[in-house]
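Here's a quick tour of a single protein chain, heading by heading. Have the viewer open and follow along.

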Amino acid sequence: MDSVLTDLKRRYIRLKNDVSAPSAELEALEVYIKTLTSQKRRTERTKGHNAGNDEAPFYNEYTFHFRDNHYVLVDSKGESLYLTPSHFEYVWHQQGKLVSGRYEGDGVFVRDNGVRYIPEENSVMLIDQKQFDPYYILRKELDPVALQGFEYNLQLHDVSHRDLIHCYNSLLEQLLNRENETSFQGVNFLTFQTDEHFVLVQHHFKRNLTFESGQPVYDRFEFTTDKGKRTISLYTNAFRF
């Protein structure tokens, strides 16, 4: 069902952005998507809505390497994850306990208290598996003020994080596939579904992902419902774009 839904949503998004698209096809897609997603939501609620949110972390294990002038993490299958400054959180053993921090660049990690850590070759690094969830990453990467505005607009449209049925995180795709780049821009697509309505969110973003202070941030959220309601939320800390 998931693959069918994904294809339908992609087609819906393409048609929604095409002013010449036939309205009958859009309406048919909406009905079909609503039917399938309602079934999916009922199944998921039955399986997991009684579970708590404070689940213990499930870590993926990597080893730290410097290869071909790049710092990378390599998993047990030999697949490489190129390190780049971001809001990703990493965990490692230090002085007999697990500590966490972010990657600063040039093979250096920094903890929240400002202490820096330089792993040796083959050092073990851990990543909580939930951080590979595109929607978790999207929210974690947002400035707190931008996240607050996003959540406020979700409430205005009578949906919540739990109503998400699809998230395409363009920033994550770029981070994983563009080595040594720190400037990114694009659009994320989010779809929310309740038994009453359908909400599509387009998140336009621009980023310069370094740990230097004063870096410009731009977020524009466009909310569109199946009833034709449309609102826009904008956050930026500078006007240099």
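## Salt bridges

First, the rule for counting: a salt bridge here is a side-chain nitrogen of Lys or Arg within 4 Å of a carboxyl oxygen of Asp or Glu. Go by that rule and you get seven salt bridges. Keep in mind that the model is predicted. As general background, side chains of opposite charge can pair when their charged atoms come close.

One of the seven salt bridges is between arginine 102 and aspartate 112, with 3.4 Å between the closest N and O atoms. Arginine 102 sits in strand 5 (residues 97-105), while aspartate 112 is in the loop between strand 6 (108-111) and strand 7 (116-117), so the pair ties together parts that are 10 residues apart in sequence. The two ends have rather contrasting surroundings: arginine 102 is buried, at 17% relative accessible area, whereas aspartate 112 is exposed, at 65%.

## A network around Arg207

Now jump to arginine 207. Its side chain meets that of glutamate 141 in a salt bridge, 2.3 Å from N to O. Glutamate 141 belongs to helix 3 (residues 134-141) and arginine 207 to strand 11 (residues 198-208), so this pair ties together parts that are 66 residues apart in sequence.

Arginine 207 also forms a salt bridge with aspartate 219, where the closest N and O atoms are 2.5 Å apart. That one links strand 11, home of arginine 207, to strand 12 (residues 218-225), home of aspartate 219, and the two residues are 12 apart. With these shared partners, Glu141, Arg207 and Asp219 end up in one network.

How buried or exposed are the members? Glutamate 141 counts as buried because its relative accessibility is 10%, and the cut-off for buried is under 20%. Arginine 207 counts as buried too, at 5%, and so does aspartate 219, at 0%.

## Strands 1 and 8

Strand 1 (residues 59-67) and strand 8 run antiparallel and are joined by five bridges. If you want one pair to click on, tyrosine 62 has methionine 125 in strand 8 as its bridge partner.

Why is strand 8 (residues 124-128) described as largely enclosed by the rest of the structure? Four of its five residues are buried, so that description follows.

## Around strand 3

Tyrosine 82 is found in strand 3. Its relative accessible area is 34%, so tyrosine 82 is classed as partly exposed. Its C-alpha atom is separated by 8.6 Å from that of asparagine 177, although the two residues are 95 apart along the chain.

Threonine 84 lies in the loop between strand 3 (80-82) and strand 4 (90-94). It is buried, with a relative accessible area of 11%. Which residues does threonine 84 touch, not counting those up to four places away in sequence? They are Tyr103, Leu175 and Glu181.

## The whole chain

Zooming out, the chain has five helices and 13 strands. Of its 241 residues, 44% are buried.

As for who contacts whom, take the contacts between residues at least 6 apart in sequence: 51% of these join residues at least 24 apart. On the outside, the chain exposes about 14,000 Å², and carbon and sulfur atoms supply 47% of that area.

Conventions:
Residues numbered from 1 in each chain as written. Predicted model: local features only at pLDDT ≥ 70, side-chain atom pairs only at ≥ 80, totals over all residues. Heavy atoms only, no water. Buried < 20%, exposed > 50% of the residue type's maximum accessible area, 1.4 Å probe, protein only. Contact = heavy atoms within 4.5 Å. Areas by Shrake-Rupley, 256 points an atom, 1.4 Å probe, with all protein chains shown as cover. Pairing = 2+ DSSP bridges.
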